[in-house]
Amino acid sequence: MAVASDVTTRICNHCDRAIPSSNIDLHYAHCSRNLEKCKVCGDMVPKKHAEEHFLNTHAPVTCSLCSETMEREILPIHKGENCPQRIVTCEFCEFPLPAIDLAEHQEVCGNRTELCHLCNRYVRLRERYNHESRCNGIPEDHVGSSRNVRPVEREQGARRRQPPEYSRKRLLFTVAIAGIAVLLGSLFFQKTMETGPVV
């Protein structure tokens, strides 16, 4: 036998729920004495657990990695995607490091080279995937390269350019000046130690 559901209801002024009219007075007395509406989410929470509800659900939390304060709901996303101190791995060497250091590390790491075993060319790690898709497997000594020397130079045995002589003189001069500065500094320091500290 089906029961007719034409029971009249009234809205509780405290919790805003529809309550059968016959129970509204009893419900309101219990509801207003024991429950409290959360000011953040609007949930009805037992009064004795209201502070615990706020601390566990809505209180700002601090990221254990970067010490930034945020809402609790955002913390998992922050730690997984946005935290500058989250650990990520370099795409070139798979070294784990903080995300804030990744760009600088990959700038250096991506410039390292590895030998392509198909064409015997050294290829930057950052260009490796493009190279592998374009590599035709012909060794470098059969392929014209901008690094190859011209035939005339090859026959004559191209000479390397000698570094200019003045750079050695400049280096010796710089070392001499630095030595004199150190000597004067140590003499001055020794003199001040004998006479007492300069005020």
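**Exercise 1. Overall composition**

How many helices and strands does the secondary structure of the protein chain come to?

*Solution.* The structure is a predicted model, in which local features need pLDDT of at least 70, side-chain atom pairs count only at pLDDT 80 or more, and totals for chains, interfaces and linings use all residues. Residues are numbered from 1 along each chain as its sequence is written, and side-chain values use heavy atoms, with hydrogens and water left out.

Step 1. Helices (H or I, at least four residues) and strands (E, at least two) are DSSP runs, numbered from the N terminus. The protein chain has seven helices and 10 strands.

Step 2. A residue is buried under 20% relative accessible area, exposed over 50%, and partly exposed in between (1.4 Å probe, protein chains only). Of the 199 residues in the protein chain, 19% are buried.

Step 3. Contact means heavy atoms within 4.5 Å. Among contacts between residues at least 6 apart in sequence, 2% join residues at least 24 apart.

**Exercise 2. The two sides of helix H1**

Determine which residues of helix H1 (residues 24-34) are buried, and where they lie around the axis.

*Solution.* Step 1. Ile-24, His-27 and Cys-31 are the buried residues of H1. They line one face of the helix, because they fall within an arc of 65 degrees seen down the axis of H1. The arc is that of the directions from the helix axis to the C-beta atoms.

Step 2. The general rule is that an α-helix has 3.6 residues a turn, so residues three or four places apart point the same way.

Step 3. Exposed residues Asp-25, Leu-26 and Arg-33 are carried by the face of H1 turned away from the buried side.

Step 4. The cover over the buried residues of H1 includes strand S1 (9-11), strand S2 (18-20), strand S3 (35-37) and S4.

**Exercise 3. The two sides of helix H4**

Repeat the analysis for helix H4 (residues 102-109).

*Solution.* Step 1. Here the buried residues are Leu-102, Gln-106 and Cys-109. Their arc around the axis is only 65 degrees, which puts them on the same side of H4.

Step 2. Ala-103, Glu-104 and Val-108 are exposed on the other side of H4.

Step 3. Strand S7 (87-89) and strand S8 (96-98) are included in what covers the buried residues of H4.

**Exercise 4. Cysteines and disulfides**

Explain why Cys-38 and Cys-66 form no bond with their closest cysteine sulfurs.

*Solution.* Step 1. A disulfide is a covalent bond between the sulfur atoms of two cysteines. The rule applied here asks for a pair of cysteine sulfur atoms within 2.5 Å.

Step 2. For Cys-38, the closest cysteine sulfur is in Cys-41, 3.6 Å away, which is too far for a bond. Cys-38 counts as buried, at 11% relative accessibility.

Step 3. For Cys-66, the closest cysteine sulfur is in Cys-83, at 3.7 Å, again too far for a bond. Cys-66 is partly exposed, with a relative accessible area of 23%.

Step 4. By this rule, the count is zero disulfides.

**Exercise 5. Two histidines**

Is His-78 buried or exposed, and where is His-49 found?

*Solution.* Step 1. His-78 is found in helix H3 (residues 75-82). His-78 counts as buried, because its relative accessibility is 5%.

Step 2. Neighbours within four places in sequence are left aside; His-78 is then in contact with Cys-63, Cys-66, Glu-68, Met-70, Cys-83 and Pro-84.

Step 3. His-49 is in the loop between strand S4 (44-46) and helix H2 (50-57). His-49 is partly exposed, with a relative accessible area of 34%.

Step 4. His-49 and Glu-36 are 13 residues apart in sequence, and their C-alpha atoms are 9.3 Å apart in space.

**Exercise 6. Positive phi values**

Locate Glu-94 and Asn-120, and describe their phi values.

*Solution.* Step 1. In general, most residues other than glycine have a negative phi.

Step 2. Glu-94, in the loop between S7 and S8, has a positive phi near 60 degrees. Glu-94 is exposed, with a relative accessible area of 64%.

Step 3. Asn-120, in the loop between strand S9 (113-115) and strand S10 (122-124), also has a positive phi near 60 degrees. Asn-120 counts as partly exposed, at 42% relative accessibility.

**Exercise 7. An annotated span**

What is the secondary structure of residues 171-189?

*Solution.* Step 1. An unreviewed UniProt entry places the feature "transmembrane region" at residues 171-189. Such annotations may be inferred rather than shown by experiment.

Step 2. In the model, this span is 100% helix and 0% strand, and its end C-alpha atoms lie 27 Å apart.
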